[in-house]
Amino acid sequence: MTADPVRDGGEPASPPPMDAVATLTAAADLQGTALAILEREEASIRRVIGRYVHNPHAVDDLYQEVCLKAIRRLGSVREPDAVRGWIYQLARNASIDFLRRRAAAPDRDHEAVAEELPAHGEHAREPGDQVLSRERIDAIHRALADLPASQREAIRLRIEDGLDHEGIAARLGISRQAVEVRLCRGRAALKSMLDRILGGDL
Amino acid sequence: MTCGEAEPLLPLVADGVLDPDGDPALFAHLARCQSCQESLARHDLVTLALERAPRPAPRTIRIPWPVAVAAAASLVLGVGAWLWPGADAAAAQPTGPVVHRLPGAEGEAPLYLIEGEQGGVVVDPSAIDGGSEAGAAGAVPVNLRRR
């Protein structure tokens with residue numbers, strides 16, 4: 001004997017259209033894929049978070065947050081093959097947002113944020129290790145000041161003023177492509193400077 | 001996608017203009033490549049650092065060089081006069097203890113009289129060099145007759 005499909009209100013339910021069935025099936029497949037990845041990739045997800053956050057309790061919390069977001073937002077993933085990259089981005093964004101929240105907390109200052117920032121690779125993650133100490137934050141600002149004016153202005157408009165690429169292009173009277181070139185070159189130079197600092201060259 | 005292809009795109013990922021929907025191949029690579037993950041984390045750290053205001057630069061006071069030279073010379077001469085055993089310390093520090101060099105007996109080292117407001121001490125440096133107890137023996141309190 002088979003049970004008739006019945007709605008919550010007791011009314012007989014009409015069979016869902018084939019498109020809806022396909023959508024539900026795809027969603028179920030996607031959910032299964034995501035859950036399987038979350039289980040299988042727990043260590044790698046935690047490692048991604050650990051590149052930004054030292055505190056093991058915070059890593060636990062952020063891992064749970066990433067799992068919840070992954071399950072809730074499955075519908076926004078268009079391609080099942082992209083689930084792993086999408087979960088990576090969830091973990092990265094959650095970590096960055098965590099650091100921003102900590103920095104914005106009224107009882108915490110820059111040093112407190114720096115304590116959460118990781119060292120190179122799997123090493124030097126002892127408590128108290130401050131990769132981005134106040135001195136290093138200041139050094140990055142000095143490196144920004146030393147960039148060519150065109151790159152420096154583009155980065156300041158992007159980060160300090162929050163303009164998007166079109167807004168920067170309009171402000172500077174250049175193309176969007178030119179904005180992206182300036183931002184990429186400037187960011188690459190600043191990242192290289194941070195590499196030298198963390199590598200001990202500075 | 002290779003690391004060489006991904007690396008130039010990482011500044012745009014850090015800038016927030018590339019995402020998994022727009023470039024799934026790049027993020028599939030990022031999800032499995034620890035080297036590129038580390039590189040992107042560095043880009044993100046730069047962003048986080050730039051979002052924080054730098055500390056204000058320490059205030060510097062610019063002094064015209066003739067004034068600076070005169071001040072430095074005064075300091076050197078003043079310290080030197082106070083430390084130099086034979087110097088007239090009273091000129092450099094008129095309100096503090098005054099040190100007088102006393103001629104020693106023939107063939108012996110000179111003595112020093114340290115004169116204070118309430119009295120003075122005669123010091124035999126050759127005795128002080130021998131140690132603390134000898135130093136104590138080498139310092140003899142004296143009563144000074146004030147004018």
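1. In this predicted model, buried residues account for 22% of the 147 residues in chain B. Of the contacts in chain B that join residues at least 6 apart in sequence, 25% link residues at least 24 apart.

2. As for secondary structure, chain B contains eight helices and four strands, and from the N terminus on its elements follow the order α-α-α-α-α-α-β-β-β-α-α-β.

3. Helix α3(B) deserves its own point: seven of its nine residues are buried, and the helix is accordingly described as mostly covered. The buried residues in question are B:P24, B:L26, B:F27, B:A28, B:H29, B:L30 and B:A31. They pack against α1 (3-6) and α4 of chain B and also against α4 (83-104) of chain A, and the covering of α3(B) thus involves elements of both chains.

4. The contact between the chains takes 37 residues from chain A and 29 residues from chain B. On the side of chain B that touches chain A, the elements giving two or more residues are α2 (10-14), α3 (24-32) and α4 (34-51) of chain B, and the largest share, 13 residues, is supplied by α4(B). By class, the residues on this side of chain B comprise 17 nonpolar, three polar and nine charged.

5. Within chain A, the axes of helix α2 (residues 42-50) and α4(A) come within 9 Å and cross at roughly 35°, and the crossing in which α2(A) passes α4(A) is right-handed. On the α2(A) side the residues are A:I45, A:V48 and A:I49, which meet A:I87, A:Y88, A:A91, A:R92 and A:S95 in α4(A). This contact of α2(A) with α4(A) has six nonpolar residues, with one polar and one charged residue besides.

6. A second helix pair in chain A is formed by α7 (residues 149-159) and α9 (residues 176-198), whose axes come within 8 Å and cross at roughly 95°. Because an angle of 65 to 115 degrees counts as roughly perpendicular, α7(A) is roughly perpendicular to α9(A). The residues making the contact are A:S150, A:Q151, A:R152, A:A154, A:I155 and A:R158 from α7(A), together with A:V179, A:R182, A:L183, A:R185, A:G186 and A:R187 from α9(A). By class, the contact of α7(A) with α9(A) has five charged, four nonpolar and three polar residues.

How values were computed
Residues are numbered from 1 along each chain as its sequence is written. Chains are lettered from A and ligands numbered from 1 in the order in which they are written. This is a predicted model: local features need pLDDT of at least 70, side-chain atom pairs count only at pLDDT 80 or more; totals for chains, interfaces and linings use all residues. Two residues are in contact if their C-beta atoms, placed from the backbone, lie within 7 Å. Ala, Val, Leu, Ile, Met, Phe, Trp, Tyr, Cys and Pro count as nonpolar, Asp, Glu, Lys and Arg as charged, and the others, Gly among them, as polar. A residue is buried if 20 or more other C-beta atoms lie within 10 Å of its own, exposed if 12 or fewer, and partly exposed in between; C-beta atoms are placed from the backbone. Axes are lines fitted to C-alpha atoms, for helices over the stretch in contact, and angles run from 0 to 180 degrees between N-to-C directions. Angles under 35 degrees count as roughly parallel, over 145 as roughly antiparallel, 65 to 115 as roughly perpendicular and the rest as oblique. A crossing is left-handed if the near helix is turned anticlockwise from the far one by less than a right angle, and right-handed if clockwise.
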